Every structure is written in structure tokens, then in C-alpha cells.
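Me: Could you take a close look at the aromatic rings in this protein for me? I'd like to know how they pair up and what sits over them.

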Amino acid sequence: DLYKKEIIQRMQSLKIDLIILAWWPHIIKKSLFKISRLGFLNMHPSFLPYNRGKHYYFWNIVEQAPFGVSLHFINKKIDSGDIAFQKRIKTCWEDTGFTLRERSRQEILELFKTKFGAIMAGRIPRIKQHLDEGTFHIGKDIEKASKIELDKKYTSRELINILRARSGFPYGGAWFQDGGGKYEINIKIKRVRDG
């Protein structure tokens, strides 16, 4: 319904300064870009330009990319607009895809609360992303990257990272096939001492 002519006209009549997207599941079409004076500010739970697109938590672990959260302006490309605010988040071996997803959800809200005054005052920086440094994945990429090939050589780090990147969720997991069956794996890593 967002793209119905009467909805667009109603939104234009409101003279909106800024639209904020909070986990908006759809791509905004170009026809809406000029609905608000400053554009659309999107909450993205990754440290852009890393892990643009889907399953940011999985790719953070597998690709060992910097992790964090970002508020960014949208443009024609997915998660590619100018960055307004960011926060880096430390990770550890005990993290799983699930723990990173949950932590990023909390941290993006904290970042928004912290920057809300600046946003309301219109003091929103626009920092161009260096997309050549980052990564982008579509939703279906995760299934192939989660498959453990039983006869493939992995470093221990690579294998553990694939396993923990899909762990902690009530569904799914890293997986392998053998003898016509498909098997899923979930792991938990626990730190037992320092040093």
C-alpha cells in the first residue's frame, strides 16, 4: 500500500523532514526517495560497509570482518548509502551467530538513543561508504556457505567459525550430508580460563 498514489500524495503533503526505518523488511523504491527533505535513515545491524545485505551476523564470524551497528541513509543500492553514525562492537570466541544478532539489535537501539538529540537537531553527518572495502551477501548465500564438505580441508579456525556462525538459533545450523541424510550441527564454546 505504501506505493499507492493517494498514500504518496498524503505523505508529500506532510512535508516530512526525515523518515527513520527500523528493521524495515523491504527495499524502498526510488519513487519515495524525495518524500522527505533529508531522506531515509536506516538502522543496519552491521559495521558498514562490511556485511551489507542479509545474515550480517553469520558473515561477520565467517569472514572475520569488523562488527558493529550503523545508522545510514538509503540510496538506490542495498545498504550502500552515506553513514550517519556507527558503533564498533567487540566479539569473542564464545559468540555465535545468535549472540551477535541479539547484541546488534540492542546496540543499534542504544546508538539511536544516543544520537537522537543530534538527529532531531538535524546534525546528521553524511560519510561516504568505501564499498570496495566491504562485503555484500544476499539471503541465499548463507545455505551454501553453511555446508561442511566432509572431504574438504579446512583450517580449524575456518571450521569452528562456520559452526558457531550458525549456532544458537532454535532452527538451522551448519550442515553436512552423508549416506543420503542431511545433518545439522550447533556448537557452544565456553571460556574455561584466562591467558
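Reply: Happy to; here is a walk through the rings and their surroundings. This is a predicted model, in which local features need pLDDT of at least 70, side-chain atom pairs count only at pLDDT 80 or more, and totals for chains, interfaces and linings use all residues. Residues are numbered from 1 along each chain as its sequence is written, and side-chain values use heavy atoms, with hydrogens and water left out.

Searching the whole structure turns up 7 aromatic pairs (rings of Phe, Tyr and Trp, the last by its six-membered ring, with centres within 6.5 Å). Among them is F58 with W59, at 4.8 Å centre to centre and with 90° between the planes. That makes the pair edge-to-face, a label for planes over 60 degrees apart. F58 is buried at a relative accessible area of 0%, and W59 is buried too, at 6%; buried here means under 20% relative accessible area, with a 1.4 Å probe and protein chains only.

Ring pairs also join Y56, Y57, F98, F169 and Y171 into a cluster.

Now for the charges. R126 has its charged end over the ring of F73, 3.7 Å from the centre. R88 lies over the face of F47, with 5.4 Å to the ring centre. To count, NZ of Lys or CZ of Arg must be within 6 Å of the ring centre and within 35 degrees of the ring normal.

Key: Rings of Phe, Tyr and Trp (its six-membered ring) pair if their centres lie within 6.5 Å; planes under 30 degrees apart count as stacked, over 60 as edge-to-face and the rest as tilted. Buried means under 20% relative accessible area, exposed over 50%, partly exposed in between (1.4 Å probe, protein chains only).
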